[in-house]
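Reader: Could you walk me through this protein, one question at a time?

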Amino acid sequence: MKLTAEDLQRLKEGINALKPNRRLTLREQIGAIYGPLMKAKGRGLTNAQLLDYLREQGIMISAPSLFRVLKQLAEQKAQRGVKRGSHHSSENGKRPAPTTSEIARSASVGTVESEPVPRASSFRVRRDRDEI
């Protein structure tokens, strides 16, 4: 079968009009309704109520997975909310070393001479006093 230029054009348009038959992932589904979920939590709905509702609507997700996805989405939203340049950073994205005046200012605020606080790794292990 020989194709004409019109046939090829129609074939190209038909292929371009095809939609992918891909299902959304659970993360994408929860991300699409993240705003309403957070508003519902703000109104006092419990996590269990939200989970039951999602399951009734056909979104089969476990409680730990839902909470993990919500936490990740909240962190992403918080990161996007931070304006670029609103925090001190150098060219490589790291914070610059504090100046001596910043160190002196932070050291002078609320300092009280006392015993040094032991660190978690600096405790001594003592043997039990009771001998077997």
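**Helices and their core**

Author: Gladly! From the N terminus on, the elements run α-α-α-α-α-α; helices are DSSP runs (H or I, at least four residues) and strands are E runs of at least two, numbered from the N terminus. This is a predicted model, where local features need pLDDT of at least 70, side-chain atom pairs count only at pLDDT 80 or more, and totals for chains, interfaces and linings use all residues. Residues are numbered from 1 along each chain as its sequence is written, and side-chain values use heavy atoms, leaving out hydrogens and water.

Reader: Which helix gives the most to the largest nonpolar core?

Author: That core has 13 residues, including Ile30, Leu37 and Leu54. A nonpolar core is a set of buried (under 20% relative accessible area, 1.4 Å probe, protein chains only) Ala, Val, Leu, Ile, Met, Phe, Trp, Tyr and Cys residues joined through side-chain atoms within 4.5 Å. At least two of its residues come from each of α3 (34-42), α4 (47-56) and α5 (63-81). The top contributor, with 4 residues, is α5.

Reader: How are α3 and α5 oriented to each other?

Author: Their axes, lines fitted to C-alpha atoms over the stretch in contact, give angles from 0 to 180 degrees between N-to-C directions. Here the angle is about 105 degrees, with the axes 12 Å apart. Since 65 to 115 degrees counts as roughly perpendicular, α3 and α5 are therefore roughly perpendicular.

Reader: Which residues of α3 make the contact with α5?

Author: Contact means heavy atoms within 4.5 Å. On the α5 side are Leu70, Leu73, Ala74 and Lys77, and on the α3 side Tyr34, Leu37 and Met38.

Technical notes
Buried means under 20% relative accessible area, exposed over 50%, partly exposed in between (1.4 Å probe, protein chains only). Angles under 35 degrees count as roughly parallel, over 145 as roughly antiparallel, 65 to 115 as roughly perpendicular and the rest as oblique.
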